[in-house]
Amino acid sequence: MSSRTITVDQLARVEGEGSLYVRVNDGKVADVRFGIFEPPRFFEAFLRGRRFTEAPDITARICGICPVAYQMSAVQAMEQGMGVSVDGQLAALRRLLYCGEWIESHVLHMFMLHAPDFLGYEDAIALSRDRPELVANALRLKKIGNDIVAIVGGREIHPVNVKVGGFYRIPAAAELRPLLERLEWGLSWMIEAAPMLAGLPFPDFDGTYEFVALRHPSEYPMNAGRIVSSGGLDIAVREYEFHFEERHVRHSNALHGFERGTGRYKVGPLSRFNLNFDRLTPLAQKVAGDMGLRLPVTNPFRSILVRAVETVYALEEAIRIIADYVPPAQAAIEVEPVAGIGCGATEAPRGMLYHRYRVSDDGIIRDAKIVPPTAQNQPTIEEDVRQFVTKFIDLPREELTWKCEQAVRNYDPCISCATHFVRLDVENSPGGRSR
Amino acid sequence: MTNHPEAVDTLLIGVGNEFREDDAVGLCVAREIRRRNAGAVTVVEVSGEGSGLMEAWAGARQVIIVDAMFSGGVPGSIRRFDATAEEVPRRYFHYSTHSFGVAEAIETARKLGTLPPHLLLYGIEGKEFGTGVGLSDPVVKSVPALIAMIEEDLHAFHAV
């Protein structure tokens, strides 16, 4: 028997660190293990005994890249459990905050982490040497997202202004209006940059997926909606745990997500896009069409294009919300603690993020469950790598390893909050076709 | 994070994640220097995501960054890099940050011509980077020496 292993010391440009191990025996993929360490377990324990009002600020600390997602799922869960509904301009402000996070996260991933892969650069440093204007403009666009988060969220990193029931402080219209001109520039630049992204060399690879995302009656999903899937699932967020489960696997500290009766599933930009294309604006739909995206998008490498479409959408949404903004009369609805269980799910840049809390009548959190998108995607990431290596087994070892890294990066796995080194080990026993 | 309202002359940036044990040392040092030199130095804290770091130092003339380091050296050991003059070894600072992290931000800014005129980077070798709160003993023991070194630089910058 011959076997083969691929080893890479670390996966550069994945947020944080983890490990990927692939073993090939007799030309067939024998084992794929994607392992990450996951901080939500620590935070679930940390939350127990704290007041329900602390959940948004504590969970915002889980990730430096997507704190808003954690805050949004936390407040939604608390409000659902306590029978409070936040709507009108308060809901619009929350959506604006989420737009800021999508813009900064997507732009960081597209231009600083993912595009260098396709363009054959080792990293963004090399890209900035040859294409300084591209990197400078991308950073300028990302800064607009940061500034939205800073103004609405109170701070860019670990925003502190989100409260169960609304916000601690609401911005004046005059604080938001100066963003309009910059957002218009960002929208033009993103549309201008789209053909360059569409022209990237994508591997000929399509996966088979159960796409799962939120779906809202009228909006492209961010803060709200029912959970739907390409397989026909359509459930309320509070039914999530009846249909999805997490399992321990030996090689990862993070639990792996599975849909009961279906198996692995996929959350993130491709899922949102495929299940909610009709909720995009005409302009975002046109940009998608111009980039050659056709429903359903099943090539995970093309997720960079979907991120571009979602960035266009988030910029348009931010412009719309700010243009229509009238400061609400009060910053938050008063929320009295109610004993019970509350569930929330929102669309983090990387995919659906689920929170569930059990709170006692004195407002103390007794139990918390947090299911981040990367944990849900882990089995699908492994399957992508398995199928990819099977299809491209004859590629030179170095190229195959590089492509495996990209295959993981397609998911923009947010394990920063979590883990450190990503090691890609592809093993090969003596006698194998080692190159 | 740009929580200073306008551009400042001298800036100290603490980098890290306070829930990752020794990764928090940059934040701890920054907070201590802020306390000891209240009003004299602008201190900001960042998570280590590179583009946020580039925004944080925008407009500042003299910048000192403090971050945890994972280079395989002795825990608690301190390295000082004059980032204006020399390239920063990326492998040292991989551990504490995202992959577009401190070293990547510095080198990208060098290529884009947006590096501050004076930039010092301090690395302190960490021991524990698991999920949790609190610094390991060797790191705690080195913190006073690191603060003294940074304050000496701040004096040289005529900041304090």
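These legends accompany close-up views of a predicted model with chains A and B.

**View 1. Chain A as a whole.** Welcome to chain A, whose secondary structure comes to 14 helices and 14 strands. Of its 435 residues, 54% are buried. Looking at contacts in chain A with a separation of 6 or more, 75% are accounted for by residues 24 or more positions apart.

**View 2. An open sheet of three strands in chain A.** Here the strands run in the order S11-S12-S13, with antiparallel pairing. The edges are held by strand S11 (340–348) and strand S13 (365–371) of chain A; each has a single partner strand, so one side of each has no neighbour in the sheet. From one strand to the next, the twist averages 15 degrees.

**View 3. The pairing of S11 with S12 in chain A.** Take a moment to follow the ladder between these two strands. S11(A) pairs with strand S12 (residues 351–359) of chain A in the antiparallel sense, over nine bridges. For a handy landmark, find A:Thr346, whose bridge partner in S12(A) is A:Leu353. Helix H3 (residues 67–81) of chain A packs on the sheet, where it touches S11 and S12 of chain A. The direction of H3 makes about 150 degrees with that of S11(A).

**View 4. Helix H10 of chain A and its surroundings.** This helix spans residues 269–276, and six of its eight residues are buried, so H10 of chain A is largely enclosed by the rest of the structure. To pick out the buried residues of H10(A), look for A:Pro269, A:Leu270, A:Ser271, A:Arg272, A:Phe273 and A:Leu275. What do the buried residues of H10(A) pack against? Two of the partners met above appear again here, S11 and S12 of chain A. The others are strand S6 (212–215), strand S7 (226–229) and helix H12 (303–323) of chain A.

**View 5. Chain B and its order of elements.** Now we turn to the other chain in these views. Chain B has four helices and five strands. Trace chain B along the sequence and you will meet the pattern β-α-β-α-β-β-α-β-α. Buried residues make up 55% of the 160 residues of chain B. Among its contacts between residues at least 6 apart in sequence, 78% join residues at least 24 apart.

Conventions:
Residues are numbered from 1 along each chain as its sequence is written. Chains are lettered from A and ligands numbered from 1 in the order in which they are written. This is a predicted model: local features need pLDDT of at least 70, side-chain atom pairs count only at pLDDT 80 or more; totals for chains, interfaces and linings use all residues. Two strands pair if DSSP finds at least two bridges between them. Axes are lines fitted to C-alpha atoms, for helices over the stretch in contact, and angles run from 0 to 180 degrees between N-to-C directions. Two residues are in contact if their C-beta atoms, placed from the backbone, lie within 7 Å. A residue is buried if 20 or more other C-beta atoms lie within 10 Å of its own, exposed if 12 or fewer, and partly exposed in between; C-beta atoms are placed from the backbone.
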